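Welcome to a short guided tour. Keep your viewer open and select each stop as we reach it.

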Amino acid sequence: DLGHYRHYMQKEIFEQPTAIANTLQRVVELGCQSALFGPEADALFAAAPAVRIVACGSSYHAGLVARYWIEEWTGLPVSVDIASEYRYRKGREQDGTLIIAISQSGETADLLAAMRSARERGDVKVLAICNVPHSTLTRESDLLFLTQAGLEIGVASTKAFTTQLVALYVFAAALARSRKTLEAAQLTEITDALHRLPVLVEEVLAMDSKLEAWAQELAHYHNALFLGRHTLFPIALEGALKLKEIAYIHAEGYAAGELKHGPLALVDEDMPVIACAVNDELLEKVVSNLREVQARSGKVFLLAEPGCESAHEGSHRVLTLPAAAGPLAPVVLTLPLQMLSYHTACRKGTDVDKPRNLAKSVTVE
Ligand code: M6R
């Protein structure tokens with residue numbers, strides 16, 4: 001039932017505060033701990049020599065974000081692979097490696113093949129992050145965390161993606177706890193940040209009309225670049241994927257530091273650049289990347305947390321988010337990108353919930 005929404009995608013975007021709160025329900029009771037992943041998890045987490053993440057599409061982008069959290073909080077080596085590439089590579093896995101298989105549906109053919117292939121490469125354990133309780137993935141995994149996004153009908157992943165991010169954040173913190181790589185105070189801070197998330201997400205959703213206004217402009221372009229650094233680099237990839245998928249606008253996501261290594265050649269007045277910024281130690285690097293864009297007449301649409309005023313000057317449009325989200329910034333900054341693509345697609349009159357050529361679940365190779 002669509003209620004007052006025009007599309008399932010729109011409804012699912014607005015369900016995110018609830019989807020996130022539901023996903024966090026047991027975390028609120030227990031904290032970020034291994035028991036959330038299964039009774040065996042603590043011993044496996046403590047002993048793992050490495051983490052390998054496999055997934056496709058948006059789920060792969062969630063994995064790319066998770067790498068930053070896991071590396072920073074545990075010091076473990078983390079690799080993130082596109083499932084359809086991993087399954088045809090020949091490498092071995094160290095015994096005890098944690099394979100994190102991320103999938104909304106739990107039925108993506110390449111993902112299942114990658115998981116099975118990982119088991120042949122070493123004595124590994126598979127942790128599934130999945131939204132469908134009785135799926136092939138959940139049946140075949142050793143450890144499980146179910147996201148509680150509820151049924152997602154729109155082909156574009158929205159609430160499934162942000163709840164995957166939340167699950168991965170909890171995993172990274174639980175892994176750090178089992179391995180004793182963080183101080184108790186740091187763990188408390190990481191966990192407490194989660195409690196504020198549903199409200200913050202709600203506040204960002206209230207900015208919908210501003211993104212709708214941006215979309216009126218964006219709909220006129222044939223290309224777009226999305227830029228971010230650190231955990232916001234995968235969010236730039238995700239923003240570009242959403243725009244391609246539902247608005248049929250060619251878009252590329254880039255790590256902002258890569259601009260000068262090629263894509264800057266594309267920038268002119270016809271290349272809008274959607275940039276994400278937070279007030280961290282990389283802010284000034286992002287600012288200088290944006291200056292490069294502006295010097296070539298590129299129009300910058302800036303999504304920024306408070307404290308990024310140095311990035312405002314020269315930007316074509318600026319949207320300041322209500323509050324800083326610390327390590328959860330990639331979750332919060334995903335929402336405006338979803339809304340931007342959604343409204344751009346509506347403006348272009350595409351079939352938002354069922355974009356051409358795509359299926360919700362890719363069960364064939
Ligand atoms: O069900 P899965 O999470 O395994 O699906 C993976 C991708 O097919 C999926 O995320 C796809 O990229 C979305 N349509 C993107 O919005």
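Our first stop is a pair of strands in this predicted model. Select residues 51–55, which are strand 1, and residues 98–103, which are strand 3: the two pair in the parallel sense over 4 bridges. Within this pair, find Ile53, which stands opposite Ile100 in strand 3.

Now show the whole sheet. It is open, with 5 parallel-paired strands in the order 2-1-3-4-5. Strand 2 (78–82) and strand 5 (143–146) stand at the edges; each has a single partner strand, so one side of each is left without a neighbour in the sheet. From one strand to the next, the twist averages 20°.

Next, add the helices. Helix 5 (residues 57–74) packs on the sheet and touches strand 1, strand 2 and strand 3. Its direction makes about 175° with that of strand 2. Then select helix 7 (residues 109–120), which lies across strand 1, strand 3 and strand 4 (125–130) and runs at about 170° to strand 3.

Stay with helix 7 and turn on side chains. Which residue does Glu140 meet in a salt bridge? The partner is Arg116, at 2.7 Å from N to O. Glu140 belongs to helix 8 (residues 136–140) and Arg116 to helix 7, 24 residues apart.

For another link, select Lys360 and Glu152, whose closest N and O atoms are 2.6 Å apart in a salt bridge. These two sit 208 residues apart, with Lys360 in the segment after helix 15 and Glu152 in the loop between strand 5 and helix 9 (159–179). Is Glu152 buried or exposed? Glu152 is buried, because its relative accessible area is 5%, under the 20% cut-off.

Last stop: select Arg52, Asp81, Arg89 and Glu93, which are linked in a network of salt bridges.

Technical notes. Residues are numbered from 1 along each chain as its sequence is written. This is a predicted model: local features need pLDDT of at least 70, side-chain atom pairs count only at pLDDT 80 or more; totals for chains, interfaces and linings use all residues. Side-chain values use heavy atoms; hydrogens and water are left out. Two strands pair if DSSP finds at least two bridges between them. Axes are lines fitted to C-alpha atoms, for helices over the stretch in contact, and angles run from 0 to 180 degrees between N-to-C directions. Contact means heavy atoms within 4.5 Å. A salt bridge is a side-chain nitrogen of Lys or Arg within 4 Å of a carboxyl oxygen of Asp or Glu. Buried means under 20% relative accessible area, exposed over 50%, partly exposed in between (1.4 Å probe, protein chains only).
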